[in-house]
Amino acid sequence: MAIEIVQPSVGLSKIAVSETHGENSPYFAGWKAYDENPYHEKHNPSGVIQMGLAENQVSFDLLEEYLESNQEATSWGKNVSGFRENALFQDYHGLLAFRKAMASFMEQVRGGKAKFNPERIVLTAGATAANELLTFILANPGDALLVPTPYYPGFDRDLRWRTGVQIVPIHCESSNNFQITPEALESAYDHARSMNMKVRGVLITNPSNPLGATIQRKVLEQILDFVTRKNIHLVSDEIYSGSVFHSDEFVSIAEILESRNYKDSERCHIVYSLSKDLGLPGFRVGTVYSYNDQVVTTARRMSSFTLISSQTQFLLASMLSNKEFTEKYIKINRERLRKRYEMIVDGLKKAGIECLKGNAGLFCWMNLSPYLNEATREGELEIWKKMMEEVKLNISPGSSCRCSGAGWFRVCFANMSEETLEVALRRLHEFMDRRRNGQKTHDLSALAQVQSFSLGDICRLFGERSKDLKSDLISSLSDSR
Amino acid sequence: MEDESREQSQSPSTGMRLIVPLQGIVQGRGGLILGSVIPCAMFYFLQFYLKRRRSPPNLPHEQTSNPPSPTPSSSNLTELPRSASRSSLLLSRGSIGRPHVSSRVHSIAKSNDSPYYIGLDKVSADPYDRLNNPNGVIQLGLAENRLTLDLIENWITERLNESILSGIATYQPFDGMTELKVAMAGLMSQVVGRTVTFDPSQIVLTSGATPAIEILCFALADPGNAFLIPAPYYPGFDRDMKWRTGVELIPVHCHFAREKNIHIISDELFAASTFGDEEFVSMAEIIDSEDTDKDRVHIVYGLSKDLSLPGFRVGVIYSYNENVLTVSRKMTRFSPVSAPTQRLVTSMLSDTTFIKNYTEINRERLRAMYDLFVEGLKELGISCTKSSGGLYCWCDMSGLIRPYNEKGELDLWDKLLNVAKINITPGSSCHCIEPGWFRCCFTTLDETDIPVVIERIRLVVETCKSPS
């Protein structure tokens, strides 16, 4: 009896086949739609406008200008004596000149209100790597990190995928502008404990992604007190710290620690990157800044898996330590972002859409909850789909950010020209108009069927609307019959 | 015996695994009982003890046992006062002052006891320089190739014409720009393949070969699974493959991947650094004929050795398995290549005339230096295995060690490092079964350095030969 032995295909790990990379969420589906039909002013004016990518292109010209007029400093130039040492340099401590430059830049971004020691800076190829690295160091597989909602969709992957660590949400509500409360902190902690998970830390993003708002000093103090009481870590991802519209509105955890004389600072770690503030995401420059010696040492060794190219370190070291340039850049970048923000918020308002009051970041947190057919995730995704398919805008639904309430969307405004932003706003305006008309019609016909009002009564109730509406109503009533 | 406990203590504390003490069995020293059971028993008891205690991270001990680092982070941090967390013990409800860190933190603290890392640190602290520090420690423990960098320097001066920022500041695909994948496939086909060509769509770029290997471990194995690895092997694998992934490494001397239905990772990092009579055969050539094996083969490559650009962090995962490629593309977001570097390297690799010329000259210089070095060692009565590639030779100093075991080997290593001030890598760091072997890299040297090195070794050799 011959039995065919089929060689089983060679297997992969559980991590490889898991869904924790999270790339099945709508956040990523929108990107696909954009990739397939990208907007272009001339070549594809009806394409999808990408408003789901938090990339800063508003101050690019400043960088270009600097590099053009400082070629000697940023390249090895004709005299390549520096090239050899640079090409061989793979020390995970990183180039001292570059670490100093990063520390200095971080200080400038905070208006000198906090000091940073270059010896505590650990370099990583991007903040994505920095967050993952910290998670590997602070927590074991199965442990929990508490993260306030709504949060950056990428965290589900970056903090959990290869580390095996869980995220337990700290629920924030629209009723108080999504601020983190002590009750929410305690509740998240208890919830984790009830599931038998060890809580290792709290991870906040300040300024917040997707809210586009800074965390108030008082709240930071409360969070710090909470993590101290529970003896856990605090990671503060301050990747948008240079993108605050008014410099005095941002308080870094570094300032709070300084004001407390660094008491209990061993539990605090800051993540930073040049991808947002400096608009150089392609360069892959991130950092872990830790007040904990053991974490610094370990992070440094672990950074072997994610070193920054020595060429890039060299190139940026001189630029970032040029205080005249960085001061000018930070100031102008803030202003331009603020203007963009005002432009989009005003435009949305005219279309009848409100946003959370924001003061930072590359996006606004838009509230479409009044326009949902049902106040659920499905209702939200329905409108999100319409946005993508009808309005041809890729925006990020709040459910991808684990937002408790339905109907919120993150809309990016810094990754396009002003003209494109205007096109996007126009499209939204038209969509909202159509919807309002359609909605009114829908409301009216339902009302008419249930309440048996006369047509005349109804038109008087809804007042000012033109005879267009009347004819719409008539046709919809005849349809529904 | 220290070797076994070192291996065991490096395993993550999530579970205990029975690790066959190969060294003890093969050498037949101390008997199976004494050699393996006692250390095993002690280790297991220690684990129980630690688990019961649930001790907080024993920082003071670990800090003193760490070797001095080049830029001592602790001493420079005096301006930031240590927290008075001990005093808060009285106030907090029963929890200990210091917040917990993961078990990975402790495992890495131990691995820095390895001679491989100690030697590197010693060189950093007191590096030899022909003119400025002639009594410094000479580096023969780092596989870095300085022999042909002048050609690359020339290329940079004459050919590099790129505007740094055009089109590369924005987010790029994490697994690398297409232009670079194409150029890399070209390089690999020329250097690694000869008879096979590499497909750019099967390339995932990573920030060095270090993350390339780690990503493959994450993708192919669960924590607690094992990789078989021919020994002696590169000491860095102990960290790179095991640390965060939780996989085990088992040194062996056999290959039976197809029979056992397992994967093969072929690290071909030194493919263009061949200089001997034997030809280099890539795994790609072997499987070309056998379709059924394609899914299990993954090649790691990079520019750190063949092109002497370790600082630029350019590594490659090359796989025939679409699932592995998909996962690797996603995972490399944690270790991508910097865009300006991608731009520069693409330019360089696309200059195929230059690359051809470079690899030829590099081979010649490697050969010349190898010959010189091996000749010098021969004069001291030290023989090396016949080598046809790489940046180092594998030297037999077993005649100089006493006793003939790992301790004797480490004694010699210590003498060479601290008396002769030469950093070479002892075979035990590479998990070599036989004591007395050393890895010596010769590519950081100038021709004029060789007599200096040989002379220093001679002094130690002399003391070894004289009756103790």
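Two strands are said to pair if DSSP finds at least two bridges between them. In this predicted model, that definition is the starting point for the sheets of chain A and chain B, and the helices that pack against them and against each other can then be added.

**The sheet of chain B**

Chain B holds 18 helices and 12 strands. Of its 468 residues, 55% are buried, and among contacts between residues at least 6 apart in sequence, 74% join residues at least 24 apart.

Four of the strands of chain B form an open sheet with antiparallel pairing, in the order β8-β9-β12-β11. Its edges are β8 (383–384) and β11 (425–426) of chain B, each of which pairs on one side only. At one of these edges, β11(B) is joined to β12(B), residues 437–441, by two bridges in the antiparallel sense, and B:Pro426 has B:Phe438 in β12(B) as its bridge partner. Helix α16 of chain B, residues 352–379, packs on this sheet and touches β8, β9 (392–396) and β12 of chain B, with a direction that makes about 15 degrees with that of β9(B). Helix α17 of chain B, residues 406–418, lies across β11 and β12 of chain B and runs at about 30 degrees to β12(B).

**The sheet of chain A**

In chain A, an open sheet of seven strands has mixed pairing and follows the order β2-β8-β7-β6-β5-β3-β4. The edge strands here are β2 (121–124) and β4 (166–170) of chain A, and each has a pairing partner on one side only. Neighbouring strands of this sheet are turned against each other by 25 degrees on average, with direction ignored. Within the sheet, β5 (residues 199–205) and β6 (residues 233–237) of chain A run parallel and are joined by five bridges; A:Leu203 stands opposite A:Val235 in β6(A). Helix α7 of chain A, residues 127–138, packs on the sheet, where its contacts include β2, β5 and β6 of chain A, and its direction makes about 160 degrees with that of β7(A).

**Helices packed on α15 of chain B**

Two packed helices are described by the angle between their axes and the distance between the axes. The table gives both values for two pairs that involve α15(B).

| Helix pair | Angle | Axis distance |
|---|---|---|
| α13(A) and α15(B) | about 120 degrees | 8 Å |
| α8(B) and α15(B) | about 105 degrees | 12 Å |

How are α13(A) and α15(B) oriented to each other? Angles from 65 to 115 degrees count as roughly perpendicular and those over 145 as roughly antiparallel, and α13(A) and α15(B), packed at about 120 degrees, are therefore oblique to each other. Their crossing is right-handed. The contact brings together A:Gln311, A:Thr312 and A:Leu315 of α13(A) with B:Pro340, B:Thr341 and B:Leu344 of α15(B), and by class it has three nonpolar, three polar and no charged residues.

For the second pair, α8(B) spans residues 149–159 and packs against α15(B) at about 105 degrees, which makes α8(B) roughly perpendicular to α15(B). Here the contact is made by B:Ile152, B:Trp155 and B:Ile156 of α8(B) and by B:Leu344, B:Ser347 and B:Met348 of α15(B). These residues divide into five nonpolar, one polar and no charged. B:Leu344 thus appears in the contact with α13(A) and also in the contact with α8(B).

Definitions and conventions. Residues are numbered from 1 along each chain as its sequence is written. Chains are lettered from A and ligands numbered from 1 in the order in which they are written. This is a predicted model: local features need pLDDT of at least 70, side-chain atom pairs count only at pLDDT 80 or more; totals for chains, interfaces and linings use all residues. Side-chain values use heavy atoms; hydrogens and water are left out. Axes are lines fitted to C-alpha atoms, for helices over the stretch in contact, and angles run from 0 to 180 degrees between N-to-C directions. Angles under 35 degrees count as roughly parallel, over 145 as roughly antiparallel, 65 to 115 as roughly perpendicular and the rest as oblique. A crossing is left-handed if the near helix is turned anticlockwise from the far one by less than a right angle, and right-handed if clockwise. Contact means heavy atoms within 4.5 Å. Ala, Val, Leu, Ile, Met, Phe, Trp, Tyr, Cys and Pro count as nonpolar, Asp, Glu, Lys and Arg as charged, and the others, Gly among them, as polar. Buried means under 20% relative accessible area, exposed over 50%, partly exposed in between (1.4 Å probe, protein chains only).
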